[in-house]
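Biologist: I should like a close look at a single part of this model, namely the sheet and the helices that surround it. Please describe how the strands pair and how the helices pack.

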Amino acid sequence: MLPNHTSKRLFSKKWILGMVALLLAFSVLSACGSKKEGEGAATTSPSPSAAATATGNPADVIATYKEGGKITRGEFDSFINVNKMFSPQLAQFMTDPGFQQDMLKQMVTFRVLSAKADDKVKADADKQVTEQMKAITDYFGKQEGGMDKQLKDNGIELKDIESLMKMSFYTMGSMESKITDKAVQDSYNEQAAAHAFDVATVSHILISLKDAATQKDLRTKDEALARAKEVKGKLDSGGDFAALAKEYSDDPGSKDAGGTYKDADINQWVPEFKEAASTLPLNKISDPVESSFGYHVMKVESRSTKQLDDTLKTQIKSQLAEKSLSEFAEKEYPNLIETNNLPKPEAAPAASPAASPAASPAASPAAK
């Protein structure tokens, strides 16, 4: 299927921001990216004793921060284990010092900023927390062993989930309340100029190199191009687009709908298809457009930019709040922390320019 369709989400957008996207904002996984694939990876969810990072008394203070803040070992382990419950892939990083340091940064940031939320933010957030807790318990209650098994396997209690949710919702609500209408408008203008909000109705016939289901080779590149040109010739001669799409197209997501994606976000598409959808003249049959899927014969039927309505304003506010949150964590966290007893990541040894060709930027693909 051509577009990268967004999967249905169990929880609200704010919940995703609070529990998952902030992990990305703090680059938790990238801090552990030096591990080779599979190294130290857990094939199954570890038991509470294996999952926890604890090596001492849960009451031990592992970190302190300004204005009398402190985090105990038990609180820290619960914080990590709640995140792991919703993102099981984190299990492989539980003992990694870089991961632990980033999680401490997230926890302190949440605590400091959530404490600044005003009564209105808290009241609004509490309603959402109540709704989300019901959704969570309903969901996990239907899994094998029910909610009790999930909590036991992750070494947490229900109140630990609620605590993290409140910190997350209070934090995001507080940050969003500081975003001005002008900031939203400016961000909209900037993103709109970069086609971030473009939608288009596009019909296409895909001539693929591989079978979508099996990934087995269907035809060579030359054969695919020749077939795409054949399709274009039939369309130019007045052939019915929908009928030809059903006969020729290898895109299972659109062939039975006339080859059409209606009012679709162009940013979900692969770059070549997105570029064509953004630039092709309207209602003209294109020459074959090459992408990683094969060749597309396209017709852009309409193209527009989403207007700044309430839904989009909410989306942009969340984006700006998340950016502010990430900036706060990077810039202010070092000034907040007073003591930190967690293990520190070992510095990678510096490579000798004479001994390692990778020391040259030109030799490293990552440097390009």
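Modeller: In this predicted model, strand β1 (residues 61-65) and strand β2 (residues 69-72) run antiparallel and are joined by four bridges. Together β1 and β2 make a hairpin in which three residues lie between the strands. In the turn, glutamate 67 has a positive phi of about 65 degrees. Across the hairpin, threonine 64 stands opposite lysine 70 of β2.

Threonine 64 also has a bridge partner in β7, namely threonine 339. The antiparallel pairing of β1 with β7 extends over three bridges. The result is an open sheet of three strands, ordered β2-β1-β7, with antiparallel pairing. Because β2 and β7 (337-340) stand at the edges with a single partner strand each, one side of each is left without a neighbour in the sheet. From one strand to the next, the twist averages 15 degrees.

Two helices are placed against these strands. Helix α4 lies across β1 and β2, at about 70 degrees to β2. Helix α5 packs on the sheet and touches β1, β2 and β7, its direction making about 135 degrees with that of β2.

The helices also pack on one another. The axes of α4 (residues 73-86) and α5 are 10 Å apart, at an angle of about 100 degrees, and α4 is therefore roughly perpendicular to α5. From α4, the residues in this contact are Glu75, Phe76, Phe79, Ile80 and Asn83. They meet Phe99, Gln100, Met103, Leu104, Gln106, Met107, Phe110 and Arg111 of α5. By class, eight residues of this contact are nonpolar, three are polar and two are charged.

Helix α5 (residues 97-114) has a further partner in helix α13 (residues 310-331): their axes come within 10 Å and cross at roughly 110 degrees. These two helices are therefore roughly perpendicular to each other, and the crossing is right-handed. On the α5 side the contact involves Lys105, Thr109, Phe110, Val112 and Leu113, which meet Leu325, Phe328, Ala329 and Glu330 in α13. Here six residues are nonpolar, one is polar and two are charged. Phe110 of α5 thus appears in the contact with α4 and in the contact with α13.

As to confidence, the chain averages a pLDDT of 82, and 79% of the residues score at least 70. Over residues 3-54, however, the pLDDT is below 50, although this stretch has 101 contacts in the model beyond near neighbours in sequence. Residues 349-368 likewise stay under 50, with seven contacts beyond four places in sequence.

Technical notes: Residues are numbered from 1 along each chain as its sequence is written. This is a predicted model: local features need pLDDT of at least 70, side-chain atom pairs count only at pLDDT 80 or more; totals for chains, interfaces and linings use all residues. Side-chain values use heavy atoms; hydrogens and water are left out. Axes are lines fitted to C-alpha atoms, for helices over the stretch in contact, and angles run from 0 to 180 degrees between N-to-C directions. Angles under 35 degrees count as roughly parallel, over 145 as roughly antiparallel, 65 to 115 as roughly perpendicular and the rest as oblique. A crossing is left-handed if the near helix is turned anticlockwise from the far one by less than a right angle, and right-handed if clockwise. Contact means heavy atoms within 4.5 Å. Ala, Val, Leu, Ile, Met, Phe, Trp, Tyr, Cys and Pro count as nonpolar, Asp, Glu, Lys and Arg as charged, and the others, Gly among them, as polar. pLDDT is the predictor's confidence in each residue, from 0 to 100. Two strands pair if DSSP finds at least two bridges between them.
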